[in-house]
Every structure is written in C-alpha cells, then in structure tokens.
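Please examine the sequence and the model below. The explanation that follows begins with the ligand and then turns to two helices.

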Amino acid sequence: MDISTSTPVVTGAGRGLGRHLVDQLLDRGVAKAYALARDTSTVRHDPRVVPVQFDLRDPASIEAAPRLTADATLLINNASTAVFSTPLEAELDVVRTEMEVNFEGLYRTIRAFVPVIEANGGGQIVNVLSLLSLASTPPMTGYSASKAAAHSLTQALRPVLAARGITLHGVYPGGIDTDMLAGIDAPKTAPAEVAGGILAGLAADQEDIFPDPNSQAMSQVWWTDPKSVERAFSGVA
Ligand SMILES: NC(=O)c1ccc[n+]([C@@H]2O[C@H](COP(=O)([O-])OP(=O)(O)OC[C@H]3O[C@@H](n4cnc5c(N)ncnc54)[C@H](OP(=O)(O)O)[C@@H]3O)[C@@H](O)[C@H]2O)c1
C-alpha cells in the first residue's frame, strides 16, 4: 500500500510507540494524521496532526471517534495497558481492566471504524499485538491473555473485513523501550525502530508484522517450535 496517500488514525498517540507512529506517518508524507489520546494536550503540536479525545474504557468516546475522523482510511490500534503481577496474586479487577482496554476496547474500536473506512473506499486496520499474544509470560498473565484474545479477534475479523475492502494486519513486537517496560530487565528495541518496522511491514502488505530484530528472531523459533517459546517466556528455559 501507499502510506503517503492514506488518512491515518493512531490510538494512544500521546507517548510511547504511538507518538513515534504519528511522527513517522508524517515523515512518510501523509497530509493529515488523527492522533487519539486520553489527554489530547500530550499529542504532537503540528498543523497536520488532529488531536481527538479517546478512551478505550469509555464506549461513548469510542463511538464518537469515527464521526470526528470521517475521512479515515487507516486505523492503527496502538493503545494498550499492562500491569505486572504474579498469576496467583494478581488483582482480578486489574486483569478485568486489561481485558476491557486491550480486548473489548479494541473490538469496539474496530466495529466503530469499519463503516467509515468502508465508506471511504476501503483501507487498512493495524492491531498492535505482542509476542505475548503467541505465548504467555507469568508476570504479565492478564496482559498476555488480553493480547492473545486480541490476536484471536484479529484472525476472526480478517476474512470478514477483507470482504469489505479492509485488510487487517497483526503486529507482534518484542520488548520496546517505553514506559510499559520501564524498570524491567528485558531485551528492548527503541520505539522509533519498532514504528519504522511496523510501517515498512504495512507498506509491504504484510499480514503478520514482526517489526524488530527480537520479534523476527523469536518468530522463526515460534513457527518451528512453539513449545520452546512458551518455555522461554515462562522463565524456566
Ligand atoms: N512496550 C513493550 O515492550 C511492548 C511490547 C510488545 C507490544 N507492545 C504494544 O505496543 C503498543 C504501544 O505500547 P507502548 O510500549 O507505547 O506503551 P506505553 O508507553 O505504556 O503507552 C501506552 C499508550 O496506550 C494509551 N492508553 C492506555 N490506556 C488507555 C485507555 N484506556 N484509552 C486510551 N489509551 C490508552 C496510553 O495513553 P495515556 O498516555 O493516556 O496513558 C499510551 O499512549 C501497545 O499495544 C503494547 O501492548 C508493547
């Protein structure tokens, strides 16, 4: 696809990976980018960037967003939340919030945007998932489950959206050096590099995008020996 002619919408655009995605969409020549954020004062100040208030825990804001971005052709579902806790001690209310934001909110967002993108002649939806969609890690039990659910949703929706002229892309990054992993000792890639990998994969029409060196290496192992990835992420390998 030609990214420069798209009209993108990026969720979670105020910081982390989402902020870099907006920057690099502009670098790739888009005329306008919608930057969705809970606090719109956090998004990049640029005449090409249109801030839109958006909270994945607020269905009314999800329903309102497509009306405020009526010329959208590309939706990048980037926003997400994660809490670290051990599986038997994790607060179930916290796990419920992870499912609400990372699965239910994502699901609502896609359903809200499909009619808009379809009416604009079709386009693309990108779900930023995780390697943890494919194999869980115990300190992020709720997050891993929510991202696995989002991966399943991606598979379910792909043929349905294809019939409406919308391609659905799953992104499976490894660790990214953002607030989400602050203080966690793990291999991490700079968010600018991950954003570049996502947009390169999208431009190449890749359905499953492994946007950084760690995820590319792990994907090779996963295709051939998924149990070894499970063991590696469990911390006992
Ligand atoms: N960091 C990693 O190691 C890693 C690895 C694999 C995949 N990912 C995925 O990459 C994506 C970007 O993550 P990141 O690393 O940039 O994380 P981050 O730095 O923690 O940023 C999270 C973003 O999501 C937004 N967000 C959180 N809850 C929200 C809600 N209820 N409604 C709307 N927006 C909400 C945040 O907005 P506020 O500023 O308002 O909080 C922020 O913009 C996520 O989908 C994440 O799961 C990250």
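Around the ligand of this predicted model stand 28 residues, of which Gly12, Gly16, Ala79, Ser80 and Thr178 come nearest. By class, this shell holds 11 nonpolar, 11 polar and 6 charged residues. Helix 1, residues 16–27, supplies the largest share of the shell, with 3 residues.

Helix 4 may be considered next. Running from residue 141 to residue 162, helix 4 comprises 22 residues, and the distance from its first C-alpha to its last is 32 Å, close to the 32 Å expected at 1.5 Å a residue. Helix 4 nevertheless has a kink of about 30° at Ala156, shortly before the proline Pro159. The buried residues of helix 4 are Thr141, Gly142, Tyr143, Ser144, Ser146, Lys147, Ala150, His151, Thr154 and Leu161. These buried residues pack against helix 3 (92–119), as well as against strand 5 (123–128) and strand 6 (166–171).

Helix 5 can be read in a similar manner. What span should its 13 residues have at 1.5 Å a residue? The expected value for helix 5, residues 191–203, is 18 Å, and because its end C-alpha atoms are 18 Å apart, the two agree. Within helix 5, the buried residues include Pro191, Val194, Ala195, Gly197, Ile198, Leu199 and Leu202. The packing partners of the buried residues in helix 5 are helix 1, strand 5, strand 6 and strand 7 (208–209). Helix 1 thus appears both in the shell around the ligand and among the elements packed against by helix 5. After helix 5 comes Asp205, which has a positive phi, near 60°.

Methods. Residues are numbered from 1 along each chain as its sequence is written. This is a predicted model: local features need pLDDT of at least 70, side-chain atom pairs count only at pLDDT 80 or more; totals for chains, interfaces and linings use all residues. A residue is near a molecule or strand if its C-beta atom, placed from the backbone, lies within 6 Å of it. Helices (H or I, at least four residues) and strands (E, at least two) are DSSP runs, numbered from the N terminus. Ala, Val, Leu, Ile, Met, Phe, Trp, Tyr, Cys and Pro count as nonpolar, Asp, Glu, Lys and Arg as charged, and the others, Gly among them, as polar. The expected span of a helix is 1.5 Å times one less than its number of residues. The bend at a residue is the angle between axes fitted to the seven residues ending there and the seven starting there. A residue is buried if 20 or more other C-beta atoms lie within 10 Å of its own, exposed if 12 or fewer, and partly exposed in between; C-beta atoms are placed from the backbone. Two residues are in contact if their C-beta atoms, placed from the backbone, lie within 7 Å.
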